[in-house]
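Reader: I would like a close look at a single part of this model, set out with some care. Please take one strand and follow it through its surroundings.

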Amino acid sequence: MPNTNAPLDLLLLPTWLVPVEPAGVVLKEHGLGVRDGRIVYIGPRAEALKQQAVEVRELPGMLLSPGLINAHGHAAMTLFRGLADDLPLMTWLEEHIWPAEGKWVDEAFVRDGTDLAIAEQLKGGITCFSDMYFYPKVASERVHNSGMRAQITVPVLDFPIPGARNTDEALHIGVELFNDLAHHPRITVAFGPHAPYTVGDDNLEKIRVIADELDAMIQMHVHETAFEVEQAVAQNQERPLARLHRLGMLGPRFQAVHMTQISDDDLALLVESNSSVIHCPESNLKLASGFCPVERLWQAGVNVAVGTDGAASNNDLDLLGETRTAALLAKAVAGSATALDAHRALRMATLNGARALGLQAEVGSLEIGKAADMVAFDLSGLAQQPVYDPVSQLIYATGRDCVSHVWVAGKALLEERRLTRMDEQALGQTARAWGLRISGLAEQDGPHPR
Ligand SMILES: [Zn+2]
């Protein structure tokens, strides 16, 4: 049992504290106390100052919120950032990304690309991310070393991929990794059938059986484009989401990424099954994939989280920017300025993300007993003045350059905009070296990528 009389490890004193739960609340001049990596105290400043604490940190002009949760991405693809832009999804995938992955992706690529993604995300206020990429064991080791939190999603396709010669080998690796990390305090392992058009019924069945047995989450790209849905209907007279329902894949452990195409029947399936939707607006915009009707989903009671997708299709891992895009786009799509207001947008980027990843009991809000995953945004700059509603200011007027501090499980991973455990200069050098190697290939084999 924790000693509740022991001094706090850390007492934070921000100007604004936004717990996200209860919804819509902004606590002015409050303190938050951390002990053994967990939030153990929240109270008014005057009372908070009477608490004994090993470290007291004043955060004047800052907004303290739960850490942002990037619910979908492909971390190591940071090394393909800007490799092939301004192309439709299937051309981009088949003619550029898949060949580049076949040529370049190995364990060293995943190691260096994941480190770059972790650093970029921490500097942007993200404390937890979902990753779906090759060599998931390597990615999990990078997350472990970094102190960050993540869902490592093991990719499964019907064809050979880097690190797995066939689907059964990919599943075997996934089960082994799941069991190895079953008690890890910051890492969960999920299964990631890539998309309805890359995984057939037999393999989806296998994934469902394994996930049910392990009580594991499943993350999948679903209804990313109208083409995907039209092609499936033309070939099998069945919409992909209906097929996943028929195969028993949907449920509270199912994370449907993208969902730009939603019929009334699709919406009913999402609601009934209590599946989560992960909205990636900038990837959808850039690949002209379509628009996820976030407000319609929200009003129907579907849990909607937000993700950046990979850096090759976004091209940044900026979840604060992504959330702003989502908030603006939701209004345009719904034809209503009241759609996805600032407070709900922040909830989508925090607690809804936690719920989608099955981590809502652990993170996603600043509540007593939860892990101390937190971010301090500096709202003292000229671009944020004056501050009427700090949450509105955060969503609509603040960039990730205002992220000042980040804690995961009570450990400071970013202090005054500097990473505490990673060498930014070395990360930049490594990334540039990969860029030179990869663009050398493009000169030999085809047009030079940007
Ligand atoms: Zn994706």
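Which residue stands opposite glycine 33 in β3?

Author: In this predicted model, the residue that stands opposite glycine 33 of β3 is leucine 11. The neighbouring strand on that side is β1, residues 8-17, which is joined to β3 by 3 bridges, the two strands running antiparallel. Strand β3 itself covers residues 30-35, and because 6 of its 6 residues are buried, the strand is largely enclosed by the rest of the structure.

The burial can be followed face by face. In a regular strand the side chains alternate between the two faces of the sheet. In β3 both faces are covered, with His30, Leu32 and Val34 buried on one side and Gly31, Gly33 and Arg35 buried on the other. Arg35 is thus counted among the buried residues of the strand, and the bridge partner of this arginine in β4 is arginine 38.

That pairing belongs to a further antiparallel arrangement, in which 6 bridges join β3 to strand β4, residues 38-44. The two strands β3 and β4 form a hairpin with 2 residues between them, and in the turn aspartate 36 has a positive phi of about 50°.

Taken together, β3 is bridged to β1 and also to β4, while its residues on both faces are buried.

Notes
Residues numbered from 1 in each chain as written. Predicted model: local features only at pLDDT ≥ 70, side-chain atom pairs only at ≥ 80, totals over all residues. Heavy atoms only, no water. Buried < 20%, exposed > 50% of the residue type's maximum accessible area, 1.4 Å probe, protein only. Helix = DSSP H or I, 4+ residues; strand = E, 2+ residues; numbered from the N terminus. Pairing = 2+ DSSP bridges.
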